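User: I am new to this model and would like a close look at a single part of it, the sheet and one residue within it. Please explain your terms as you go.

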Amino acid sequence: MTSGRGALTALHLLLVWALTAVAVPTLGFGLLVSAWSGGAGAAVPVLVVGVPLMVGLLATAGLPARTVVPLCGSARQRFGWAALVFVLGTLGVLAGLAAYGGDVDLGSATNRIVLTGMPYAVAAAFFVPSRWVRLGAVAALGVAVAYGGFVGPARSEHRRHEAEVAWYQEHAELLYLGAVPPGMEVSRAEVGPAYFGVDYRTVRQDASAYVSLSVRPPLTPTPRCPKFAEEGVTCTVDAHGEVRTVREFPYGGRAVTLTRRHGGAEAEVTSQTVDESGLRRLLDTLHPLSDAELEELMRDKKIDHRT
């Protein structure tokens, strides 16, 4: 390709890109406004007028390429070429919208408008009888497919994951986890605006052992029992500030609750099946929730966030 034909080809593709980068968002905005104000039926007249107008504008953009693109040699051929470029480019725009709807980052609003014209320029490049121009179009198409189908979604998932981690760690001072009691596993964890709760349940399906851990800001300045005790409930505070509450049930069972200060938080464990030594062992092993433990809870879908 001579320098003159190369410059003409570049001008041709630049015209296609510039025209569609302006006209296609305008057409899309018109469709959106008409559909919003009058329903889907109101968008039909915009399409009936807008699509032929777009094809006509593309045909006009093909005028300088009469000697470069064979399909632009005559008026009839140019309109056929314009229709093909419009259809292929619009498919590319729809693919971009699908990727954007899947949270693929396409940059700022200005950048997205600029990108709107690229599928039409790439489609037009395939009609240029030059091996290098077509190879460039194939390369551009490959980059778009790779980014929209693989790189972009992976980055989007990474950003979403980081945002979720930051969401859970909003009150990191409350995120404490104890060693899992023997024969049990973490079944569920919940992060609230002012608490972190963990449920431990038995691994065996035929057993019902259960321990609940709750970490929250201290309810009182110093550890103490409630001023008015409920019937069937006994409460004591030892010399280390550990509060022991036992609730006796009419049917003979009982629930033991141990509450202990841990740093600037207050940790409470409750169970009807695990004895006090097991509950104290859990409190003794409390440690800040590590990134690996949080990742495991998220991966196993065992943690929720409540607002």
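Analyst: Strand β5 and strand β6 (residues 243-248) pair in the antiparallel sense over five bridges, where strands are DSSP runs of E with at least two residues, numbered from the N terminus, and two strands pair if DSSP finds at least two bridges between them. This is a predicted model, in which local features need pLDDT of at least 70 and side-chain atom pairs count only at pLDDT 80 or more, while totals for chains, interfaces and linings use all residues. Residues are numbered from 1 along each chain as its sequence is written, and side-chain values use heavy atoms, with hydrogens and water left out.

Within this pairing, C235 has T245 of β6 as its bridge partner. The wider setting is an open sheet of eight strands with mixed pairing, in the order β5-β6-β7-β8-β4-β3-β2-β10. Its edge strands, each pairing on one side only, are β5 (233-237) and β10 (303-305). From one strand to the next, the twist averages 15 degrees.

Turning to a single residue, T259 lies in strand β7. T259 counts as buried because its relative accessibility is 9%, buried meaning under 20% relative accessible area, exposed over 50% and partly exposed in between (1.4 Å probe, protein chains only). Leaving aside neighbours within four places in sequence, T259 is in contact (heavy atoms within 4.5 Å) with R216, G241, E242, V243, E266, A267 and E268.

Terms used
Helix = DSSP H or I, 4+ residues; strand = E, 2+ residues; numbered from the N terminus. Axes fitted to C-alpha atoms, helices over the stretch in contact; angles between N-to-C directions.
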